[in-house]
2 protein chains.
Amino acid sequence: MTTFDALLKIRRSVRDYTDQAVPLELIKTLIDETICAPNASNEQLWRFSIVRDKEYMRRISDESKKNILATIQVDPNSPIARYEAVLRNPSFNVFYNAPCLVIISGPAERLNTQVDCALAAGYFMLAAAARGLGTCWINLGAYIEDAAMRAELGLDSQTRVVAPLILGYPKQIPSMPKRNPPRISAVIE
Amino acid sequence: MTTFDALLKIRRSVRDYTDQAVPLELIKTLIDETICAPNASNEQLWRFSIVRDKEYMRRISDESKKNILATIQVDPNSPIARYEAVLRNPSFNVFYNAPCLVIISGPAERLNTQVDCALAAGYFMLAAAARGLGTCWINLGAYIEDAAMRAELGLDSQTRVVAPLILGYPKQIPSMPKRNPPRISAVIE
């Protein structure tokens, strides 16, 4: 098993995967580890949708791209507008060539959903890295509005998609994008 | 060094600490590991404020309690109202007896601040656990409004406090609060 400081190096955002499938049982094992994450009042607001069908992932990609482009149409100054060119490319798949997708979601009306699902996502990405798998959080895949698709994914109208995470075996592990020195705003002692 | 699956067991929310101080250099090492966390577009929106003075932590606790109680006064149906009784107890310190506090914050106007700081908080808690330290995310300590205190903590008016994390050497590591089986909403394959 991998030590934590080794994990820090091998947990990278991976956008290029081999064709090797990820067994469903392995994904469930990762989820079992994910739910060890800290969360507010142990309420475990997180829910998981698993997609192991690349064709279905392509449909989610198209749906999400369409909805983001509609948002940009309404608000050209939206921060997401910087992705417009790539989103207008019909061959661009927001999930790259990953073999599967795990969507972490939670109840939209709960204040803690976003933070608790982000904590779960962090655990998921580390659990995957510890087993030689790669992941990447794909914000551009979160804009799922089509009612039939939401139903198939188990996302009812009260559910907020927080973290669409692609998962697979990396062709290679990228090096870490350069980090700035941490910004320590104050030390009181 | 600790393996990841061992870390899952020893990273618990700790609310009871020994008197042993945590050296500033060790806290900075934890922060160096924390900033390896994934984050949107590698923008590294996170900032860190370190408090190693229990008396100052007590002042932050009193400030945050005061502001939460004012919120409850305005909105008695707020979810935080369930903490009213404990917050009205003048001897209750939201940071318990922890020897230090690290506040993770980021620019309030940025959509990704909450999620990116939560990912950083998850890394910080794991990095601490890997070194035998305990942590706990203290939401009740986040309500810091006093201008002088915010200035001392390096939190300007544009900064949002996301994760106040207490840190210290645990008297003991609590067992994991029971988790429900993970809620898998859909499997598409």
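Start by selecting α5(A) and α5(B): they sit oblique to each other, therefore outside the parallel, antiparallel and perpendicular classes (under 35 degrees is roughly parallel, over 145 roughly antiparallel, 65 to 115 roughly perpendicular, the rest oblique). Helices here are DSSP runs of H or I with at least four residues, strands are E runs of at least two, and both are numbered from the N terminus.

Before going on: this is a predicted model, where local features need pLDDT of at least 70, side-chain atom pairs count only at pLDDT 80 or more, and totals for chains, interfaces and linings use all residues. Residues are numbered from 1 along each chain as its sequence is written, while chains are lettered from A and ligands numbered from 1 in the order written.

Back to the helix pair. Fit the axes (lines through C-alpha atoms over the stretch in contact, angles 0 to 180 degrees between N-to-C directions) and they come within 8 Å, crossing at roughly 50°. Now show Q114, V115, A118, L119, G122 and Y123 in chain A and in chain B; these make the contact (C-beta atoms, placed from the backbone, within 7 Å).

Next, colour the wider interface: 57 residues of chain A are in contact with 57 of chain B. On the chain A side, α1 (4-10), α2 (24-34), β1 (47-51), α5 (113-130) and β5 (184-188) each supply at least two residues. The largest share, 10 residues, comes from α5(A).

Last stop, β1(A): 4 bridges join this strand to β5 (residues 184-188) of chain B, and the two run parallel (strands pair if DSSP finds at least two bridges between them). Pick V51(A) and you'll find its bridge partner, I188(B), in β5(B).

Notes. Contact = placed C-beta atoms within 7 Å.
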